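Let's take a walk through this model together, going from strands to side chains and then to charged pairs. Please keep the structure open beside the text as you read.

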Amino acid sequence: KHAIVAVYRLIWLVVVLAMTGCSDYGSPTPPASSAGSAHQRLALLGIDERNVLRIREDARHNRLWVLTLDQVRVFDVATKRTKLIREMALPNWSVAQFDDACIPDLALDPSGSAFISNNVQTRLWQIDADSFETRELEIVLQGKEQWDVGFGPLAFAADGVLYAVTSVLGSVWK
């Protein structure tokens, strides 16, 4: 029974990571519920989409999260008139563009808090959904730190565990 559960989780993880995989640099990953309108939404919000790395929608809290090269913006999308709630710069934030690396990602946990990866350093940032308090989390990649630089795609499993794919080698970390 445990082996079946382990195989099921592995298959689920591969599917999720394939769906959240690396996209072209500067091309936003549209929210699933409004994939056709991502570009229109950015234009309406006055955001230059060339600077956008990721877009995530939190339907439960009626929020749109936009990760750009410079900052994170959170919008209230509860009404027709989208309203900026918060803009946050990430401390020690940097982004690298190189051919074989994934761009940083933004994933929302079940509570609506954001986790942001860094493709240059083994760090994540956590932004609380309620207070917007930002915490920088340094991750130690035991045994492989000399071979990888940071994280790209992020995904939460159904049990709340966060998985991250390293930005260069594609190793999966839990």
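What follows is a guided tour that begins with one strand and moves outward.

A few ground rules come before the tour. This is a predicted model, in which local features need pLDDT of at least 70 and side-chain atom pairs count only at pLDDT 80 or more, while totals for chains, interfaces and linings use all residues. Residues are numbered from 1 along each chain as its sequence is written, and side-chain values use heavy atoms, with hydrogens and water left out.

Let's start at strand β6, which covers residues 114–117. Strands here are DSSP runs of E with at least two residues, numbered from the N terminus. In a regular strand, side chains alternate between the two faces of the sheet. In β6, A114 and I116 point one way and F115 and S117 the other way, and all are buried. Buried means under 20% relative accessible area, exposed means over 50%, and partly exposed lies in between, with a 1.4 Å probe and protein chains only.

Now look to either side of β6. Strand β5 (residues 106–108) runs antiparallel to β6 and is joined to it by three bridges; two strands pair if DSSP finds at least two bridges between them. One of the bridge partners is easy to find: L106 is matched with I116 in β6. The hairpin of β5 and β6 has five residues between the strands, and G112 takes a positive phi near 95° there. Strand β7 (residues 123–127) is also antiparallel to β6, with four bridges joining them. Here A114 has I127 as its bridge partner in β7, and the hairpin of β6 and β7 again has five residues between its strands.

Next, zoom in on S117. S117 counts as buried because its relative accessibility is 0%. Which backbone atoms does the side chain of S117 reach? The side chain lies 2.7 Å from the backbone nitrogen of D105, and a polar atom of the side chain is 2.8 Å from the backbone oxygen of G152. Beyond its neighbours within four places in sequence, S117 is in contact (heavy atoms within 4.5 Å) with residues including W93, D105, R123 and F151.

D105 leads us on to the charged pairs. The whole structure holds five salt bridges, each a side-chain nitrogen of Lys or Arg within 4 Å of a carboxyl oxygen of Asp or Glu. D105 forms one of them with R54, where the closest N and O atoms are 3.2 Å apart. This pair links distant parts of the chain, with D105 in the loop between β4 (83–88) and β5 and R54 in strand β1 (residues 52–58), 51 residues apart. D105 also forms a salt bridge with R56, the closest N and O atoms being 2.7 Å apart. R56 likewise belongs to strand β1, 49 residues from D105. R54, R56 and D105 are thus linked in a network of salt bridges. R54 counts as buried because its relative accessible area is 0%, and both R56 and D105 are buried.

R123, a contact of S117, brings us back to β7. The side chains of R123 and E136 meet in a salt bridge at 3.1 Å, N to O, and this pair joins strand β7 to strand β8 (residues 134–138), 13 residues apart. Are these two residues buried or partly exposed? R123 is buried because its relative accessible area is 17%, whereas E136 counts as partly exposed because its relative accessibility is 28%.

Methods
Polar contact = N/O pair within 3.5 Å; in protein donor to acceptor, adjacent residues only side chain to side chain.
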